Amino acid sequence: MILELKNIYKNYQQGKMEVPVLKDVSFSMEEGEYVAIMGPSGSGKTTLMNIIGCLDQATSGTFFLDGEDISKCSENEMSDIRLHKIGFVFQSFHLLPRQTAQSNVEMPLQYAKVPKKERIARSRKALERVGLAERVGFFPNQLSGGQMQRVAIARALVNNPKLILADEPTGALDSKSGEQVMDLFKRLNEEGVSVLMITHDAEIASHAKRVVTIRDGVLTEKE
(Lines give C-alpha, C1' and ligand atoms only; values in the text may rest on other atoms or scores of the structure.)
Protein backbone atom coordinates (compact mmCIF):
# COMPACT_ATOMS: atom_id res chain seq x y z
CA MET A 1 0.00 0.00 0.00
CA ILE A 2 1.55 3.29 -1.03
CA LEU A 3 -1.20 5.60 0.23
CA GLU A 4 -3.79 5.21 2.92
CA LEU A 5 -6.09 7.98 4.14
CA LYS A 6 -8.57 7.22 6.90
CA ASN A 7 -11.40 9.52 8.01
CA ILE A 8 -9.70 12.69 6.77
CA TYR A 9 -11.39 15.98 7.63
CA LYS A 10 -10.09 19.39 6.64
CA ASN A 11 -11.64 22.61 7.90
CA TYR A 12 -10.56 26.16 7.19
CA GLN A 13 -11.05 29.11 9.50
CA GLN A 14 -13.00 31.99 7.94
CA GLY A 15 -13.24 34.68 10.57
CA LYS A 16 -14.98 32.96 13.48
CA MET A 17 -16.48 30.25 11.32
CA GLU A 18 -15.03 26.87 10.54
CA VAL A 19 -15.66 25.87 6.94
CA PRO A 20 -15.48 22.11 6.24
CA VAL A 21 -13.71 21.30 2.95
CA LEU A 22 -13.04 17.55 3.24
CA LYS A 23 -15.57 15.35 5.03
CA ASP A 24 -14.56 11.91 6.26
CA VAL A 25 -12.41 11.01 3.26
CA SER A 26 -10.99 7.48 3.21
CA PHE A 27 -8.92 6.38 0.23
CA SER A 28 -6.11 3.96 -0.46
CA MET A 29 -3.86 3.18 -3.38
CA GLU A 30 -1.57 0.25 -4.07
CA GLU A 31 1.95 0.61 -5.41
CA GLY A 32 1.93 0.58 -9.22
CA GLU A 33 -1.67 1.81 -9.53
CA TYR A 34 -2.82 4.59 -11.85
CA VAL A 35 -5.70 6.48 -10.23
CA ALA A 36 -7.58 9.65 -11.14
CA ILE A 37 -9.39 11.80 -8.59
CA MET A 38 -12.03 13.69 -10.52
CA GLY A 39 -14.16 16.57 -9.33
CA PRO A 40 -15.50 19.96 -10.38
CA SER A 41 -14.00 23.26 -9.26
CA GLY A 42 -14.60 23.79 -5.54
CA SER A 43 -15.08 20.08 -4.83
CA GLY A 44 -12.10 19.85 -2.46
CA LYS A 45 -9.79 18.04 -4.89
CA THR A 46 -6.96 20.60 -4.60
CA THR A 47 -7.15 20.47 -0.80
CA LEU A 48 -7.00 16.68 -0.97
CA MET A 49 -4.03 16.85 -3.34
CA ASN A 50 -2.21 19.23 -0.99
CA ILE A 51 -2.67 16.77 1.89
CA ILE A 52 -1.54 13.77 -0.19
CA GLY A 53 1.40 15.85 -1.48
CA CYS A 54 2.45 16.71 2.11
CA LEU A 55 1.93 20.42 1.37
CA ASP A 56 -0.77 20.69 4.04
CA GLN A 57 -2.02 18.64 6.98
CA ALA A 58 -5.51 17.37 7.66
CA THR A 59 -7.55 18.77 10.56
CA SER A 60 -8.17 15.19 11.71
CA GLY A 61 -7.78 11.63 10.47
CA THR A 62 -4.74 9.51 9.62
CA PHE A 63 -2.63 9.45 6.49
CA PHE A 64 0.09 6.92 5.70
CA LEU A 65 2.41 7.40 2.73
CA ASP A 66 4.72 4.48 1.97
CA GLY A 67 4.13 3.17 5.50
CA GLU A 68 4.92 6.46 7.23
CA ASP A 69 2.36 8.22 9.44
CA ILE A 70 2.27 11.72 7.91
CA SER A 71 -0.17 13.08 10.50
CA LYS A 72 2.69 12.89 13.03
CA CYS A 73 5.32 14.57 10.81
CA SER A 74 6.91 17.97 11.40
CA GLU A 75 7.21 20.59 8.61
CA ASN A 76 10.83 19.54 8.00
CA GLU A 77 9.95 15.86 7.80
CA MET A 78 7.15 16.66 5.36
CA SER A 79 9.52 18.64 3.15
CA ASP A 80 11.92 15.65 3.15
CA ILE A 81 9.09 13.33 2.13
CA ARG A 82 8.08 15.71 -0.69
CA LEU A 83 11.66 15.71 -1.94
CA HIS A 84 12.28 11.97 -1.86
CA LYS A 85 8.92 10.26 -2.20
CA ILE A 86 6.69 12.46 -4.38
CA GLY A 87 7.18 13.78 -7.90
CA PHE A 88 4.90 16.73 -8.68
CA VAL A 89 3.55 17.63 -12.12
CA PHE A 90 1.53 20.88 -12.28
CA GLN A 91 -0.77 22.37 -14.88
CA SER A 92 1.54 25.37 -15.40
CA PHE A 93 4.83 23.36 -15.56
CA HIS A 94 6.69 25.54 -12.98
CA LEU A 95 9.94 25.52 -14.97
CA LEU A 96 12.64 28.09 -14.30
CA PRO A 97 12.85 30.22 -17.48
CA ARG A 98 16.61 30.91 -17.29
CA GLN A 99 17.55 27.27 -16.79
CA THR A 100 17.93 24.64 -19.52
CA ALA A 101 15.72 21.56 -19.60
CA GLN A 102 18.53 19.60 -17.96
CA SER A 103 19.10 22.18 -15.18
CA ASN A 104 15.35 22.21 -14.47
CA VAL A 105 15.33 18.42 -14.15
CA GLU A 106 18.41 18.54 -11.89
CA MET A 107 16.72 20.84 -9.33
CA PRO A 108 15.36 18.14 -6.96
CA LEU A 109 18.76 16.40 -7.06
CA GLN A 110 20.48 19.62 -6.03
CA TYR A 111 18.14 19.93 -3.05
CA ALA A 112 18.89 16.29 -2.22
CA LYS A 113 22.64 17.12 -2.35
CA VAL A 114 23.38 14.57 -5.07
CA PRO A 115 26.94 14.97 -6.47
CA LYS A 116 27.18 16.87 -9.75
CA LYS A 117 28.33 13.98 -11.95
CA GLU A 118 25.44 11.80 -10.80
CA ARG A 119 22.99 14.71 -11.19
CA ILE A 120 23.97 15.12 -14.84
CA ALA A 121 23.67 11.39 -15.55
CA ARG A 122 20.32 11.03 -13.81
CA SER A 123 18.76 14.15 -15.32
CA ARG A 124 19.78 13.07 -18.83
CA LYS A 125 18.35 9.61 -18.26
CA ALA A 126 15.06 11.14 -17.04
CA LEU A 127 14.85 13.37 -20.14
CA GLU A 128 15.52 10.33 -22.29
CA ARG A 129 12.65 8.49 -20.58
CA VAL A 130 10.22 11.24 -21.63
CA GLY A 131 11.55 11.40 -25.20
CA LEU A 132 13.57 14.62 -24.91
CA ALA A 133 17.14 13.30 -25.11
CA GLU A 134 17.99 15.82 -27.86
CA ARG A 135 16.49 18.81 -26.00
CA VAL A 136 18.68 18.78 -22.86
CA GLY A 137 20.25 22.19 -23.61
CA PHE A 138 17.03 23.95 -24.64
CA PHE A 139 15.46 26.69 -22.52
CA PRO A 140 11.72 26.62 -21.74
CA ASN A 141 10.97 29.38 -24.28
CA GLN A 142 12.48 27.15 -27.00
CA LEU A 143 10.10 24.30 -26.17
CA SER A 144 6.44 23.68 -27.00
CA GLY A 145 3.87 23.36 -24.19
CA GLY A 146 3.89 19.59 -24.51
CA GLN A 147 7.68 19.48 -24.33
CA MET A 148 7.69 21.74 -21.26
CA GLN A 149 5.27 19.39 -19.55
CA ARG A 150 7.53 16.46 -20.44
CA VAL A 151 10.49 18.29 -18.88
CA ALA A 152 8.31 18.74 -15.77
CA ILE A 153 7.53 14.99 -15.80
CA ALA A 154 11.25 14.18 -16.13
CA ARG A 155 11.90 16.45 -13.12
CA ALA A 156 9.17 14.60 -11.20
CA LEU A 157 10.79 11.24 -12.05
CA VAL A 158 14.43 12.10 -11.44
CA ASN A 159 14.44 11.25 -7.71
CA ASN A 160 12.72 7.89 -8.34
CA PRO A 161 9.75 8.90 -6.19
CA LYS A 162 7.21 6.45 -4.80
CA LEU A 163 4.38 8.46 -6.33
CA ILE A 164 3.83 10.86 -9.22
CA LEU A 165 1.18 13.42 -8.28
CA ALA A 166 -0.17 15.19 -11.36
CA ASP A 167 -2.51 18.18 -10.98
CA GLU A 168 -4.52 18.88 -14.17
CA PRO A 169 -1.43 17.82 -16.19
CA THR A 170 -3.00 18.62 -19.58
CA GLY A 171 -4.84 21.78 -18.47
CA ALA A 172 -2.53 24.17 -20.33
CA LEU A 173 -2.03 22.01 -23.43
CA ASP A 174 -3.75 21.65 -26.80
CA SER A 175 -5.52 18.32 -27.30
CA LYS A 176 -2.72 16.68 -29.34
CA SER A 177 -0.01 17.54 -26.77
CA GLY A 178 -2.43 16.49 -24.04
CA GLU A 179 -2.84 13.06 -25.65
CA GLN A 180 0.95 12.66 -25.86
CA VAL A 181 1.33 13.50 -22.18
CA MET A 182 -1.41 11.00 -21.29
CA ASP A 183 0.35 8.34 -23.41
CA LEU A 184 3.53 9.07 -21.47
CA PHE A 185 1.79 8.60 -18.10
CA LYS A 186 0.36 5.31 -19.36
CA ARG A 187 3.81 4.11 -20.42
CA LEU A 188 5.42 5.19 -17.13
CA ASN A 189 2.69 3.37 -15.22
CA GLU A 190 3.33 0.23 -17.29
CA GLU A 191 6.99 0.58 -16.22
CA GLY A 192 5.79 0.41 -12.61
CA VAL A 193 5.44 4.10 -11.67
CA SER A 194 2.50 4.85 -9.34
CA VAL A 195 0.47 7.77 -10.76
CA LEU A 196 -2.23 9.77 -9.00
CA MET A 197 -3.87 12.38 -11.21
CA ILE A 198 -6.20 15.18 -10.15
CA THR A 199 -8.56 16.45 -12.86
CA HIS A 200 -11.97 17.96 -13.55
CA ASP A 201 -12.05 16.39 -17.03
CA ALA A 202 -13.81 13.04 -17.43
CA GLU A 203 -11.98 12.31 -20.69
CA ILE A 204 -8.58 12.79 -19.05
CA ALA A 205 -9.68 10.78 -15.99
CA SER A 206 -10.69 7.89 -18.26
CA HIS A 207 -6.99 7.27 -19.06
CA ALA A 208 -6.46 6.09 -15.48
CA LYS A 209 -7.17 2.49 -14.49
CA ARG A 210 -9.35 3.58 -11.58
CA VAL A 211 -11.43 6.73 -11.11
CA VAL A 212 -12.52 8.20 -7.77
CA THR A 213 -14.93 11.14 -7.69
CA ILE A 214 -14.97 14.01 -5.21
CA ARG A 215 -17.90 16.38 -4.77
CA ASP A 216 -18.54 18.80 -1.90
CA GLY A 217 -15.63 17.28 0.01
CA VAL A 218 -16.98 13.71 -0.16
CA LEU A 219 -15.13 10.96 -2.02
CA THR A 220 -16.99 8.21 -3.86
CA GLU A 221 -15.70 5.40 -5.98
CA LYS A 222 -17.51 3.96 -8.98
CA GLU A 223 -17.51 0.21 -8.65
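Colleague: How should I read the side chain of Lys 72 in this model: is Lys 72 buried or exposed?

Modeller: With a relative accessibility of 70%, Lys 72 counts as exposed, because the cut-off for that class is over 50%. Please keep in mind that this is a predicted model. Lys 72 also has a charged partner, for a salt bridge joins it to Asp 69, with 3.0 Å between the closest N and O atoms. Asp 69, by contrast with its exposed partner, counts as buried at 17% relative accessibility, so the bridge pairs a buried residue with an exposed one.

Colleague: How many salt bridges does the model contain, and which residue forms one with Lys 10?

Modeller: The count comes to 14 salt bridges. In one of them Lys 10 pairs with Asp 56, and the closest N and O atoms are 3.3 Å apart. This pair links distant parts of the chain, since Lys 10 belongs to strand 1 (residues 3–14) whereas Asp 56 is in the loop between helix 1 (45–52) and strand 4 (60–65), 46 residues apart. Lys 10 has a relative accessible area of 9% and is therefore classed as buried, the cut-off for that class being under 20%.

Colleague: How far apart in sequence are Lys 186 and Glu 190?

Modeller: Lys 186 and Glu 190 are 4 residues apart in helix 6 (residues 175–190), so that about one helical turn separates them. Their side chains meet in a salt bridge, at 3.1 Å from N to O. Lys 186 is partly exposed, with a relative accessible area of 46%, while Glu 190 reaches 53% and is exposed.

Colleague: Which residues are linked in a network of salt bridges?

Modeller: A network of salt bridges links Glu 33, Arg 210 and Glu 221.

Colleague: Let us turn to the rings. How many aromatic pairs are there?

Modeller: The count comes to 1 aromatic pair. Its members are Phe 88 and Phe 90, whose ring centres are 5.7 Å apart and whose planes make an angle of 5°, so the pair is read as stacked, given that planes under 30 degrees apart fall into that class. Phe 88 is buried, at 15% relative accessible area, whereas Phe 90, at 22%, counts as partly exposed.

Colleague: Which residue lies over the face of Phe 138?

Modeller: Arg 135 lies over the face of that ring, 5.0 Å from the centre of the Phe 138 ring.

Colleague: Why does a probe help in looking for empty space?

Modeller: When a probe the size of a water molecule is rolled over the atoms, the places where empty space remains become apparent. In this structure the largest pocket has a volume of about 450 Å³. It is lined by 16 residues, of which Leu 83, Phe 88, Pro 108, Tyr 111 and Arg 155 are the closest to its centre. Phe 88 thus appears both in this lining and in the stacked pair with Phe 90. At least two lining residues come from each of helix 2 (75–85), strand 6 (86–89), helix 3 (101–111) and helix 5 (145–157). By residue class, the lining of the largest pocket divides into 10 nonpolar, 4 polar and 2 charged residues.

Colleague: What is the volume of the second largest pocket, and how do the residues of its lining divide?

Modeller: The second largest pocket holds about 200 Å³ of space. Of its 13 lining residues, those closest to the centre are Thr 170, Ser 175, Gly 178, Asp 201 and Ile 204. The lining of the second largest pocket divides into 2 nonpolar, 6 polar and 5 charged residues. Helix 6 and helix 7 (202–205) each supply at least two residues of it, and helix 6 gives the largest share, 3 residues.

Colleague: How many residues of helix 1 are buried?

Modeller: Helix 1 is mostly covered, with 6 of its 8 residues buried; these are Lys 45, Thr 47, Leu 48, Met 49, Ile 51 and Ile 52. After helix 1 comes Cys 54, which has a positive phi, near 60°.

Colleague: Where is Leu 22 found, and how far in space is Leu 22 from Ala 58?

Modeller: Leu 22 is part of strand 2 (residues 17–29), and with a relative accessible area of 0% Leu 22 is buried. The C-alpha atoms of Leu 22 and Ala 58 are 8.7 Å apart, although 36 residues separate the two in sequence.

Note on methods
Residues are numbered from 1 along each chain as its sequence is written. This is a predicted model: local features need pLDDT of at least 70, side-chain atom pairs count only at pLDDT 80 or more; totals for chains, interfaces and linings use all residues. Side-chain values use heavy atoms; hydrogens and water are left out. Rings of Phe, Tyr and Trp (its six-membered ring) pair if their centres lie within 6.5 Å; planes under 30 degrees apart count as stacked, over 60 as edge-to-face and the rest as tilted. Buried means under 20% relative accessible area, exposed over 50%, partly exposed in between (1.4 Å probe, protein chains only). A charge sits over a ring if NZ of Lys or CZ of Arg is within 6 Å of the ring centre and within 35 degrees of the ring normal. A salt bridge is a side-chain nitrogen of Lys or Arg within 4 Å of a carboxyl oxygen of Asp or Glu. On a 1 Å grid over the protein atoms alone, a cavity is a set of points where a 1.4 Å probe fits but cannot get out, and a pocket is an open set with protein on both sides within 12 Å along at least five of seven lines; lining residues have an atom within 4 Å of a point. Grid points are joined across faces, edges and corners, and a volume is the space filled by probe spheres set on the points. Ala, Val, Leu, Ile, Met, Phe, Trp, Tyr, Cys and Pro count as nonpolar, Asp, Glu, Lys and Arg as charged, and the others, Gly among them, as polar.
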